[in-house]
Amino acid sequence: MSENEKDKKTTIIPIGPYHPLQEEPEFFELHVEGEKVIKLDITLGYNHRGIEKMAESMHYDQVAFLVERVCGICSASHPFAYVNAVEDLADIVIPDRAKYIRSIIGELERLHSHLLWLGLAGHFLGYNTVWMWAWKYREPVLDICERITGNRNHYAMFKIGGVRKDILNADIAGIWKMCDELIKPLEMFRGAVMDDPVIHARTKGVGILTKQEAIDWCLLGPTVRASGVAIDVRRDDPYAAYNMVDWKVIVTENGDVFDKAMVRILEMLESVKIIKGCLEGLKKTKEGEIDAKVKSIPAGEGIGRHEAPRGEVFHYVRGDGTNRPARHKIRAPSYMNVPSNQISAIGGTISDAAIVLAAVDPCYCCTERCAVIDTRTKKKILSGEDLVRLSQQRTKDIISGVWKPK
Amino acid sequence: MKYPKLREIKEAVTALIQGPYTTKFPFAPHTPAPNFRGKPIPDEKECIGCGACALVCPATAIEIIDDKAAASRELIWHYDLCIFCGQCERLCTTEKGVKLSNTEFDLATSDRKTLFSGIKKELIMCQMCDEIIAPKDQILWTAKKLEHMAFGNYMVFSALLNNLGIAKFVSKFGVSAVKRLDFFKVLCPKCRRQSHLIDEYGDSHFESAK
Ligand code: SF4
Ligand code: SF4
């Protein structure tokens with residue numbers, strides 16, 4: 001077959017880029033031959049909001065609120081990395097109590113973010129029960145957030161030198177109980193993913209990223225830990241209270257969608273463990289000691305990192321001795337993770353593409369904007385809903401035995 | 001039946017008995033957590049109109065409108081811009097000027113022009129050049145903080161007298177040159193500095209005094 005003829009056989013499926021609900025508009029161009037994905041083009045950078053520039057026009061203290069709004073789900077990760085960066089710049093040591101509170105917020109965010117992902121993954125597989133479960137059990141996590149910080153999201157807790165709100169010792173028992181109640185549903189999810197034959201059929205051996213590939217593509221977070229690379233900023237470069245409590249980094253070996261789900265579920269159980277450890281720690285520190293009372297920020301450079309639910313988020317801040325940052329640079333984990341779809345989606349089928357693209361946990365609302373266009377006739381064949389429907393159909397086929405996984 | 005199916009059925013039955021986790025809002029009232037950060041409500045009595053909150057608000061949701069002719073200042077909290085961060089409450093000069101409500105969260109409306117609340121404050125103006133000095137309440141608040149030392153500053157002192165109804169503010173003498181005599185007027189910092197310098201070095205150095 002000549003190159004030309006081959007081209008004619010390929011159909012291009014554009015996914016994205018615009019959707020008002022997405023945190024990061026991405027544009028995927030799937031080149032398919034029949035059912036099989038043979039090439040994937042990824043374009044990023046549709047959502048340039050000028051946040052870094054805006055940060056340079058605000059006070060150091062105000063920037064914490066600005067970066068909180070980089071992402072709705074990661075609304076603790078960015079301020080976390082930002083305050084780490086400024087504290088690195090100004091050599092600030094924060095009180096232990098603030099460290100514990102910061103870690104609690106960071107882990108609560110990981111819990112609700114992973115539950116959100118689990119629900120979406122279930123939905124894309126057509127396993128809507130998991131979707132309903134996961135989102136139901138995400139609610140108590142958000143309730144704990146509201147109870148501690150005053151909001152379900154956008155916590156407004158991170159402050160250079162500490163945190164803005166204390167967790168009262170009288171409240172610890174209540175929060176502890178709420179955390180305890182999370183363990184049962186989390187264990188149930190572990191079981192549901194471990195022994196459900198349908199989930200196995202849809203996710204095992206799908207979208208594999210080998211260890212070497214994961215290293216070569218500089219991937220981060222659960223995406224890389226599922227491929228057997230044990231990196232986690234919380235352990236490798238400890239900050240906040242992560243070296244003051246007992247927990248472990250979750251690593252699995254296979255690099256497929258199943259392992260990515262497993263890593264996230266096991267990580268959630270670790271998060272509960274971290275939160276409990278931190279609550280214990282709070283009892284040992286004095287109420288109200290949550291702020292190092294920073295007066296001014298000197299000139300200099302600082303970097304801050306935080307293991308966000310999706311991987312390491314990186315902030316760089318340069319100060320010139322004034323009360324505003326001279327330069328602020330942000331690198332979010334999805335920026336590194338999304339390109340990995342170029343390997344994981346290739347060779348699979350379109351119906352697997354939905355879950356493979358979702359496995360790195362980008363915000364997946366973009367799928368709903370998908371359309372399959374025949375390159376010859378420029379006619380639309382599939383819409384965004386169709387892609388989800390296709391994926392869900394495959395699950396039904398597996399259940400009814402029409403389609404057998406290889 | 002296989003175990004995964006049984007688990008689903010068990011969950012379905014519990015869900016049926018327990019009902020949905022979410023509240024029925026707006027059909028039934030919803031009570032947020034006691035720590036909840038809702039609508040910031042300014043307090044007409046406790047706020048002194050200093051405008052510090054507008055400087056720290058990360059969302060620039062607090063607007064200050066000064067009306068020189070009417071000698072009044074309006075402080076407006078725009079709820080459509082507000083991110084409910086609580087900075088205005090935390091960093092308020094008097095610590096009581098504005099409070100975030102922990103019950104009012106339902107601000108949805110189809111007309112965003114109605115999404116604000118504001119307070120009005122009387123301003124003290126420079127009697128010479130018609131510049132804004134500060135809201136009257138802020139000067140009185142400062143006087144209270146300074147206690148007996150308040151009488152060392154003519155402006156604070158006269159604001160106190162005015163508040164007691166003993167003296168009256170002549171709001172404006174008209175824009176004219178500052179003189180040594182003007183020492184005993186309510187002056188903005190710029191005019192005050194000038195009259196001090198005239199007092200020290202004489203008129204001859206000053207263009208305006210000639
Ligand atoms: S709560 Fe925050 S955003 Fe809202 S007015 Fe106060 S400082 Fe501004
Ligand atoms: S007193 Fe408080 S609320 Fe009033 S203007 Fe000053 S800072 Fe704002």
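The paragraphs below lead through a predicted model, beginning with chain A, moving on to its aromatic rings and ending at a ligand beside chain B.

Chain A contains 16 helices and ten strands, and the chain is divided into domain 1, which covers residues 51-336, and domain 2, which covers residues 373-406. If you look for these two parts in the structure, you can use their C-alpha centres as a guide, since the centres of domain 1 and domain 2 of chain A lie 35 Å apart.

How much of chain A is buried? Of its 406 residues, 61% count as buried, and the area that chain A exposes comes to about 16100 Å², with carbon and sulfur atoms supplying 55% of that area. The contacts in chain A can also be sorted by how far apart the partners stand in the sequence: among contacts between residues at least 6 apart, 70% join residues at least 24 apart.

The aromatic side chains offer a more detailed view, and a search of the whole structure finds eleven aromatic pairs over all chains. One of them is formed by Tyr242(A) and Trp247(A), whose ring centres are 6.3 Å apart and whose planes meet at 65°, and because planes over 60 degrees apart count as edge-to-face, this pair is given that name. Both partners can then be judged by their relative accessible area, for which buried means under 20%: Tyr242(A) has a value of 2% and is therefore buried, and Trp247(A), with a value of 12%, is buried too. These two residues also belong to a cluster, in which ring pairs link Phe80(A), Phe158(A), Tyr239(A), Tyr242(A) and Trp247(A).

Chain B supplies another aromatic pair, made by Phe151(B) and Phe157(B), which is edge-to-face with 5.7 Å from centre to centre and 65° between the planes. Is Phe157(B) buried or partly exposed? Its relative accessible area is 27%, so Phe157(B) is partly exposed, as this value falls between the 20% limit for buried and the 50% limit for exposed.

The last stop is ligand 2, which has 13 residues around it, and those that come nearest are Cys47(B), Cys50(B), Gly51(B), Cys53(B) and Cys92(B). Two elements of chain B give two or more residues each to the shell around ligand 2, namely α2, which spans residues 52-56, and β3, which spans residues 72-78. Which classes of residue make up this shell? Sorted in this way, the shell around ligand 2 has nine nonpolar residues and four polar ones, while charged residues are absent from it.

Key
Residues are numbered from 1 along each chain as its sequence is written. Chains are lettered from A and ligands numbered from 1 in the order in which they are written. This is a predicted model: local features need pLDDT of at least 70, side-chain atom pairs count only at pLDDT 80 or more; totals for chains, interfaces and linings use all residues. Side-chain values use heavy atoms; hydrogens and water are left out. A residue is near a molecule or strand if one of its heavy atoms lies within 4 Å of it. Helices (H or I, at least four residues) and strands (E, at least two) are DSSP runs, numbered from the N terminus. Ala, Val, Leu, Ile, Met, Phe, Trp, Tyr, Cys and Pro count as nonpolar, Asp, Glu, Lys and Arg as charged, and the others, Gly among them, as polar. Domain bounds come from an automatic or database domain assignment. Buried means under 20% relative accessible area, exposed over 50%, partly exposed in between (1.4 Å probe, protein chains only). Contact means heavy atoms within 4.5 Å. Accessible areas come from the Shrake-Rupley method with a 1.4 Å probe; for residues, only the protein chains shown count as cover. Rings of Phe, Tyr and Trp (its six-membered ring) pair if their centres lie within 6.5 Å; planes under 30 degrees apart count as stacked, over 60 as edge-to-face and the rest as tilted.
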